[in-house]
Amino acid sequence: RAKDEGRDSFQLYQPAMNARSLEHLALESALHRALEREELVLHYQPLIDIARARIVASEALLRWQHPDLGLVAPGDFISLAEETGLIVDIGEWVLRNACLQHRRWREAGHGELRMLVNISARQFRDDNLPRLVAQVMAETSMPTGQLTLELTESMLMEDSSRSIDVLEELRGQGVRLALDDFGTGYSSLAYLKRFPIDELKIDRLFIRDIDRNPDDAAIADAIIKLAHSLGLRVVAEGVETAEQLEILTRHGCNFAQGFYYSRPVPAAQFPLPD
Ligand code: C2E
Ligand code: MG
Ligand code: MG
Ligand code: MG
């Protein structure tokens, strides 16, 4: 996806490269071994409650510490993991390790922090997901309301009546739900109220030029108003400047996440609140 092509991200799929190339196969088997060789790592990015100017949550973001390639961004291997089905095991690893990290932070006196975990389309399609989530929450004594799963519109739209059932089951287990990358999918806004979700994350595509482009500012304002009228809280993704934050504050956005505050960092460098 073009929007994930960060400045410093390693580009695996060159346009001319055949998907079945040797590189692809080599990477696939390397990814297979990544789990057992403990090459996967989670970085954490803070979410700030704008009104309280306080860090209130962290999003777990996956990286692959490849022995030769260095730190590989998820945009360069998540789709391969999806295609091969490896995402199911990887996703379980992510969920468990994020919850374990949350437990460490709780034990260090930061029980108020929430943890956000990204769920892939394939994981969401897996009927075992609610059971897995319940099991990991029990294993790690995750308190009710402290774990948020991030899903995308396109995942929910795939089989919307099943999606509603799964979301309700997860919510019944004390999980909060967020709609990630909002605005990049093509679902109708009317669907939004059918899904039992708690939070909406405005994609950084709409935040990027918010201080220069009045249309983007109007879109963000409309999304925030719509979300609030549906009882949802709003997160702005990709906040990089004080100007963007100022506009979002004026529009009543609840939370902000972005390089302005912190890049995703290893747990040891996470800026824990005082
Ligand atoms: P996402 O869930 O929308 O995560 C936000 C992405 O935006 C992250 O990229 C983050 O580093 C980046 N970001 C945050 N603030 C800023 C900013 O101010 N400016 C800019 N330019 N970028 C910012 P990352 O870590 O490369 O992750 C990309 C995507 O990969 C994620 O998008 C998510 O869809 C997926 N992903 C990451 N970790 C996981 C995971 O554990 N499981 C699954 N299924 N997907 C994951
Ligand atoms: Mg996310
Ligand atoms: Mg996002
Ligand atoms: Mg995004």
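**Exercises: metal sites and salt bridges**

In this predicted model, aspartate 181 and glutamate 237 are both buried.

**Exercise 1.** Determine which residues coordinate the magnesium ion (ligand 3), and place Asp181 and Glu237 in the secondary structure.

*Solution.*
1. Asp180 (OD), Asp181 (OD) and Glu237 (OE) coordinate the magnesium ion (ligand 3), at 1.6 to 2.7 Å.
2. Along the chain these donors follow the spacing D-D-x55-E.
3. Aspartate 181 belongs to strand β6 (residues 176–182), while glutamate 237 sits in the loop between β8 (233–236) and α11 (242–250), so the pair ties together parts 56 residues apart in sequence.

**Exercise 2.** Find the donors of the magnesium ion (ligand 2) and the residue that bridges this ion and the magnesium ion (ligand 3).

*Solution.*
1. The magnesium ion (ligand 2) is coordinated by Glu59 (OE), Asn118 (OD1), Glu150 (OE) and Asp180 (OD), at 2.0 to 2.3 Å.
2. The spacing of these donor residues in sequence is E-x58-N-x31-E-x29-D.
3. The bridging residue is aspartate 180, and the two ions, ligand 2 and ligand 3, lie 3.4 Å apart.
4. Glutamate 59 in strand β2 (residues 54–66) and asparagine 118 in strand β4 (residues 114–118) link distant parts of the chain, 59 residues apart.

**Exercise 3.** Classify glutamate 59 and asparagine 118 as buried, partly exposed or exposed.

*Solution.*
1. The cut-offs needed are under 20% relative accessible area for buried and over 50% for exposed, with partly exposed in between.
2. Glutamate 59 has 5% relative accessibility and therefore counts as buried.
3. Asparagine 118 has 26%, so this residue counts as partly exposed.

**Exercise 4.** Describe the salt bridge between lysine 201 and glutamate 59.

*Solution.*
1. The N to O distance between the two side chains is 2.8 Å.
2. Lysine 201 is in strand β7 (residues 199–202) and glutamate 59 in strand β2, 142 residues apart, so the pair links distant parts of the chain.
3. Lysine 201 is buried, at 0% relative accessibility, and glutamate 59 is buried at 5%.
4. Glutamate 59 is also one of the donors of the magnesium ion (ligand 2).

**Exercise 5.** State how many salt bridges the structure holds, and examine the pairs Asp49–Arg52 and Arg212–Asp211.

*Solution.*
1. The structure holds 17 salt bridges.
2. Aspartate 49 pairs with arginine 52, their closest N and O atoms being 3.5 Å apart.
3. Aspartate 49 is buried at 10% relative accessibility, whereas arginine 52 is exposed at 52%.
4. Arginine 212 and aspartate 211 meet at 3.9 Å, N to O.
5. Arginine 212 is exposed, at 63%, and aspartate 211 is partly exposed, at 32%.
6. Shared partners join Arg208, Asp209, Asp211 and Arg212 into one salt-bridge network.

Key: Residues are numbered from 1 along each chain as its sequence is written. Chains are lettered from A and ligands numbered from 1 in the order in which they are written. This is a predicted model: local features need pLDDT of at least 70, side-chain atom pairs count only at pLDDT 80 or more; totals for chains, interfaces and linings use all residues. Side-chain values use heavy atoms; hydrogens and water are left out. Donors are N, O and S atoms within 2.8 Å of the metal (3.2 Å for Na, K and Ca); water is not among the atoms, so sites may look incomplete. Helices (H or I, at least four residues) and strands (E, at least two) are DSSP runs, numbered from the N terminus. Buried means under 20% relative accessible area, exposed over 50%, partly exposed in between (1.4 Å probe, protein chains only). A salt bridge is a side-chain nitrogen of Lys or Arg within 4 Å of a carboxyl oxygen of Asp or Glu.
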